[in-house]
Amino acid sequence: MNLNYTHCFSVSDKYENKIFNIDQTKLDSLEKQVLITHGHTDHITNTPQQALTNKINKEIIDIVLPKNKIDFKIIKQNKTTDLTDRIKVTSKNAGHVLGSSMYYFESPSKSLLYTGDFATKDSLLLDGAQPLEADTLIIESTFGRENFVFPERKEVYDDFAEKLANDLQQNKLIIVGAYALGKSQEIIKFINKYLGVTPFVTQNIADINRVYEHNEQHLGQYDILNGNIKEANIIIVPPNLIKKDVIKTLSHQTHKRIATYIVTGWDFYKGTSCVPISDHADFNDILDFVKKVNPKVVYCDHGFHKDLAYLLRKKLKVNAKSVSEFSKKNILDFIE
Ligand SMILES: [Zn+2]
């Protein structure tokens, strides 16, 4: 098993001349297969025709990219699949969004864990990712700086519920900005459970909800926005729809004052309207995870990869590298 990095990581078997890219997001001229970790669009654009992933991710991708021509090979969660005679892969829950997978690769003498986007804390809907010991770890470093330590989720839920209850008492229309895949479903469940109110959602959120529901993730009640805004107390929309002119129009249409919130791990320390619910591991979660995987080498990818590599070297004394240190077509030191 070789580990390579060009524009994404790939695992290859030189004896069989097979290469498996992971979350390929740039066009690649060579004939390769791709392993897909989850259905967020920044991980699936330019997926070539042959891709391996689990059934839930396929269902989500068919909604998010309805015209995709991907030839899916379905692999089961927690079941080991032979990629070649020497390389096996096991798809494990990544705790990020429904269907999200980490990939655990094994060759006769080496192991490699690729987290993809991951979260280790349980949410209202998903269990957190569990670490597995591996020789090499490729870790998502979105929140790879020390200032990204989020409050406990229960605390955030309680605080958010109190704010929303106040807004409802003042007869405000509440608009919550949340990504269509992952956050929106958590917020729908949260609003049902904590406030007993039925939120209204955009059609693209409702489309994803159906995948959650038929995979036995019960979200509670919701209605689809369709000219019925006057009936709504709380609406959930993708964050890019939260704009001044949209809010003004909604206020005008409904004759209500508007309260807006964005559910995000970013900049939570700056704004009062940001709700620090994230579907990514925070800095402390990342450190705990690395300790438990106990790798000989860590590669940091996405977000603050340079900072995280530096901090892992400093705090945990592990051999950590950032993707920015690799030159193109570099073959990494992971050869069996
Ligand atoms: Zn993601």
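**How do you know? A walk through the model**

Visitor: Where does N17 sit, and what makes its backbone worth a look?

Guide: N17 is in the turn of the hairpin formed by β2 and β3, which have 4 residues between them, and its phi is positive, about 50°. Keep in mind that this is a predicted model.

Visitor: How do you know that β2 and strand β3 pair?

Guide: Two strands count as paired if there are at least two bridges between them. β2 and β3 (residues 18-22) have 4, in the antiparallel sense, so they pass that cut-off. Within that pairing, S10 stands opposite N21 in β3.

Visitor: And what does β2 do with strand β1?

Guide: β1 (residues 2-5) pairs with β2 in the antiparallel sense, again over 4 bridges. There's a hairpin here too, with 3 residues between β1 and β2. N4 is the residue that stands opposite S10 in β2, and S10 also faces N21 in β3.

Visitor: Why is β2 called largely enclosed?

Guide: Because 4 of its 5 residues (9-13) are buried, the rest of the structure largely encloses this strand.

Visitor: Take V11: buried or exposed, and how do you know?

Guide: V11 is in strand β2. Being buried takes 20 or more other C-beta atoms within 10 Å; V11 has 25 C-beta neighbours inside 10 Å, so it counts as buried. Leaving out residues up to four places away in sequence, V11 touches M1, L3, F20, I87 and F105.

Visitor: How far is V11 from Q203?

Guide: They're 192 residues apart in sequence, and C-alpha to C-alpha they're 38 Å apart in space.

Visitor: How is the chain divided into domains?

Guide: Domain 1 takes 2-148 + 280-331, and domain 2 takes 153-275. Their centres, over C-alpha atoms, are 30 Å apart. The contact involves 16 residues of domain 1 and 15 of domain 2. On the domain 1 side, those residues split into 9 nonpolar, 5 polar and 2 charged.

Visitor: Which residues touch the most other members of the largest nonpolar core?

Guide: That core has 84 residues, and the ones with the most contacts to other members are Y114, L137, V176, I187, I236, V290 and V298. Helix α6 (residues 283-293) gives the largest share, 5 residues. Both domain 1 and domain 2 put in at least three residues each. As for I187, its contacts beyond four places in sequence are V176, A178, I236 and V263.

Visitor: What makes the buried residues of α6 line one face?

Guide: The buried ones are F283, D285, I286, F289, V290 and V293. Looking down the axis of α6, they fall within an arc of 155°, so they line one face of the helix. As a rule, an α-helix has 3.6 residues a turn, so residues three or four places apart point the same way. The cover over the buried residues of α6 includes β10 (111-114), β11 (136-140), β18 (297-301) and α7 (305-316). Just after the helix, N294 has a positive phi of about 55°.

Visitor: What makes β14 and β17 edge strands?

Guide: They belong to an open sheet of 6 strands, in the order β14-β13-β15-β12-β16-β17, with parallel pairing. β14 (223-224) and β17 (274-275) each pair on one side only, and that's what puts them at the edges.

Visitor: How do you know that strand β13 and strand β15 pair?

Guide: At least two bridges are needed, and β13 (residues 200-201) and β15 (residues 234-237) have 2, in the parallel sense, so they just make the cut-off. V201 has I236 as its bridge partner in β15.

Terms used: Residues numbered from 1 in each chain as written. Predicted model: local features only at pLDDT ≥ 70, side-chain atom pairs only at ≥ 80, totals over all residues. Buried ≥ 20, exposed ≤ 12 C-beta atoms within 10 Å, placed from the backbone. Domains from an automatic or database assignment. Contact = placed C-beta atoms within 7 Å. Nonpolar A, V, L, I, M, F, W, Y, C, P; charged D, E, K, R; others polar. Core = buried A, V, L, I, M, F, W, Y, C linked by C-beta atoms within 7 Å. Arc of directions from axis to C-beta.
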